[in-house]
Amino acid sequence: MIHNNLTNIRSKMGENVTLVAVSKTKPMSMLQEAYDAGQRVFGENKVQEMVEKYEQMPKDIKWHMIGHLQSNKVKYIAPFVDLIHGVDSLKLLEEINKQAKKNHRIISCLLQFHIAQEETKFGLSLEEAESLLSGEAFPALQNIQIAGVMGMATFTEDTEQVRKEFKSLKSHFEVLKSKYFPLQNTFTEISMGMSDDYQIAMEEGSTLIRVGSKIFGSR
Ligand SMILES: *Cc1c(COP(=O)(O)O)cnc(C)c1O
């Protein structure tokens, strides 16, 4: 089942897209099934759950933190996390930097943008992201790398609305790339698209799709 789901999703993906298998709430046996089908990138949204799964699963897995991360919990994932998708404050970035340094690592992060109509979702505006990147504190953060942007579209049947929001995230990405990362090939990722909208997201330039229920079943 999981194997077929992965095959189906992969058949729709372009070469520049990476599939993050969102395994939150799912048991280790299901992660193992995905692993056996070749999946190596997994996304979790809770620190403790991710640590437990990291400890029990094979060590060639890349673990992506996709949920809202509290500063006081960064230390638990800093030794192994591959990418943190949901960075939306300087305070959090500074803590990630501090913990990365302790672990002699450089941790890749994505800036999360608020692109949906809903009020509840976390994320920066373009102005806030620009003030973070141009601020005095930013150049001192030597143990983090901003690898791109992340966003979640509104939960709606209105696919044109969803498409519009993905376009706005792509446009934020282009602005930041040209202004703050013009010469680096390290600012490359656009994390957008979930089970219900990953195809629209890929059409609008997603490089990382975060798919849970279409792989593992509903939660
Ligand atoms: C749960 C979650 C997903 C995956 O959602 P599905 O609809 O099950 O694919 C993707 N991104 C984030 C940030 C999530 O929390």
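In this predicted model, the ligand is surrounded by V22, K24, I66, M150, M152, M194, S195, R210, V211, G212, S213 and R219. Sorted by class, this shell comprises six nonpolar, three polar and three charged residues. The ligand is located in the largest pocket.

Three of the surrounding residues also have polar atoms that lie a short listed distance from ligand atoms. An oxygen atom of the ligand has a polar side-chain atom of S195 at 2.6 Å. A nitrogen atom of the ligand lies 2.9 Å from a polar side-chain atom of R210. In the case of G212, it is a polar backbone atom that is found 2.8 Å from an oxygen atom of the ligand. Taken alone, the ligand has 390 Å² of accessible area, and the protein covers 90% of it.

S195 deserves a further look, since it belongs to the shell around the ligand. This residue is placed in the loop that runs between β7 (189–191) and α8 (198–203). Is S195 buried or exposed? Its relative accessible area is 9%, which is under the 20% limit, and S195 is therefore buried. Along the chain S195 and I209 are 14 residues apart, while their C-alpha atoms are separated by 8.6 Å.

Helix α8, which follows the loop of S195, contains E203. With a relative accessible area of 53%, E203 lies over the 50% limit and so counts as exposed. The side chain of E203 forms a polar contact of 2.8 Å with the side chain of R163. A further relation links E203 to K167: the two are 36 residues apart in sequence, and 9.7 Å separates their C-alpha atoms.

The next residue to consider is K53, which is part of helix α3 (residues 47–56). K53 is a buried residue because its relative accessibility is 4%. What does the side chain of K53 reach at 2.9 Å? The partner is the backbone oxygen of K26. The side chain of K53 also takes part in a polar contact of 2.7 Å with the side chain of E49.

The path now turns to the beginning of the chain. I9 is found in helix α1, which spans residues 2–10. The relative accessible area of I9 is 1%, so this residue is buried. I9 and L19 are separated by 10 residues in sequence, and the distance from C-alpha to C-alpha is 8.5 Å.

Two loop residues complete the account, each with a backbone angle to note. T25 is situated in the loop between β1 (18–22) and α2 (28–36). The phi angle of T25 is near 70°, a positive value although the residue is other than glycine. T25 is exposed, because its relative accessible area of 55% is over 50%. H104, for its part, is in the loop between α5 (90–102) and β5 (107–113). H104 is not a glycine, yet it has a positive phi of about 55°. At a relative accessibility of 74%, H104 counts as exposed.

Conventions:
Residues are numbered from 1 along each chain as its sequence is written. This is a predicted model: local features need pLDDT of at least 70, side-chain atom pairs count only at pLDDT 80 or more; totals for chains, interfaces and linings use all residues. Side-chain values use heavy atoms; hydrogens and water are left out. A residue is near a molecule or strand if one of its heavy atoms lies within 4 Å of it. A polar contact is a pair of N or O atoms within 3.5 Å; within protein, one must be able to donate a hydrogen and the other to accept it, and residues adjacent in sequence count only if both atoms are side-chain atoms. Accessible areas come from the Shrake-Rupley method with a 1.4 Å probe; for residues, only the protein chains shown count as cover. On a 1 Å grid over the protein atoms alone, a cavity is a set of points where a 1.4 Å probe fits but cannot get out, and a pocket is an open set with protein on both sides within 12 Å along at least five of seven lines; lining residues have an atom within 4 Å of a point. A molecule sits in a cavity or pocket if more than half of its atoms lie within 2 Å of its grid points. Ala, Val, Leu, Ile, Met, Phe, Trp, Tyr, Cys and Pro count as nonpolar, Asp, Glu, Lys and Arg as charged, and the others, Gly among them, as polar. Helices (H or I, at least four residues) and strands (E, at least two) are DSSP runs, numbered from the N terminus. Buried means under 20% relative accessible area, exposed over 50%, partly exposed in between (1.4 Å probe, protein chains only).
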